[in-house]
Amino acid sequence: MPAASRQDGADAAPDGGSSDSEVSGKDDRTSVDADPTRPGAKASDPGAGKGTADDPHTDPSAPAAGSDAPTEPSQEPTDTSTEPSTPAWLTDCTYYYGNGRTRLGDSGDRVLQAQCMLSKRGYGVDVDGEFDADTEAAVQSFQQDKGLLVADGVVRPRVWKALRSTE
């Protein structure tokens, strides 16, 4: 028996993947067994399949007899992702990607980045690019809330790392 064949005779993909019949749901093999829906019918007889003009009592999309499957197709959920979404302070704040020291009196992209991240985290700071006393107070609050050892209102590499964390 070839290595790519299973014991039941169905061909499997050599890499362990699914065969065409497993993927499509169609079986290319011809059956010599009688069709249970039509006594005495063989698979090779014309119209032996379900839902043909010869057999109006079966519908190929209907559930099998005795099955408790629903007759209506069910609505599938639109989003089955269990992954948490990326926080807004990481997706919406794209002014600066470095970790340079930023403090009272500074202005520019570093300040915009720090202010944006603090604002998205709920620290209520204006995002205007000017590191003022309100920004310094927000940084101090953030440092205290995150348990950082230094809570002096200066954004250093450890503060940048904490600002960019998902927690």
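Where is the place of Val154: in a helix or in a loop? Val154 sits in the loop between α4 (133–145) and α5 (157–163). Keep in mind as you look around that this is a predicted model.

**Around Val154**

Being in a loop doesn't put Val154 out in the open here: its relative accessible area is 12%, and because buried means under 20%, Val154 counts as buried. So who keeps Val154 company? Leaving out residues up to four places away in sequence, Val154 touches Arg101, Thr102, Arg103, Val139, Gln143 and Val159. You can also check a spacing in the viewer: Ala137 is 17 residues from Val154 along the chain, and their C-alpha atoms are 9.7 Å apart.

**The whole protein**

Now zoom out. The protein has five helices and zero strands, so reading along the sequence gives you the pattern α-α-α-α-α. Here are some overall values.

| Item | Value |
|---|---|
| Residues counted as buried, of 167 residues | 22% |
| Contacts joining residues at least 24 apart, among those at least 6 apart in sequence | 35% |
| Exposed area of the protein | about 11900 Å² |
| Share of the exposed area from carbon and sulfur atoms | 48% |

**Helix α3**

Next up is α3, which runs over residues 109–120. This helix has 12 residues and spans 16 Å from its first C-alpha to its last, close to the 16 Å expected at 1.5 Å a residue. Which residues of α3 are buried? They are Val111, Leu112, Gln113, Ala114, Gln115, Cys116, Met117 and Leu118. The cover over these buried residues includes α2 (88–91), α4 and α5. An α-helix has 3.6 residues a turn, so residues three or four places apart point the same way. After α3 comes Gly122, with a positive phi near 95°.

**The disulfide**

How many disulfides does a search of the whole structure find? It turns up one. The bond joins Cys93 to Cys116, with an S to S distance of 2.0 Å. Cys93 lies in the loop between α2 and α3 while Cys116 belongs to helix α3, so the pair ties together parts that are 23 residues apart in sequence. Why is the disulfide called left-handed? Because the torsion about the S-S bond of Cys93 and Cys116 is about -75°. Both partners are tucked away, too: Cys93 is buried, and so is Cys116.

Note on methods
Residues numbered from 1 in each chain as written. Predicted model: local features only at pLDDT ≥ 70, side-chain atom pairs only at ≥ 80, totals over all residues. Heavy atoms only, no water. Helix = DSSP H or I, 4+ residues; strand = E, 2+ residues; numbered from the N terminus. Buried < 20%, exposed > 50% of the residue type's maximum accessible area, 1.4 Å probe, protein only. Contact = heavy atoms within 4.5 Å. Expected span 1.5 Å × (residues − 1). Areas by Shrake-Rupley, 256 points an atom, 1.4 Å probe, with all protein chains shown as cover. Disulfide = S-S within 2.5 Å.
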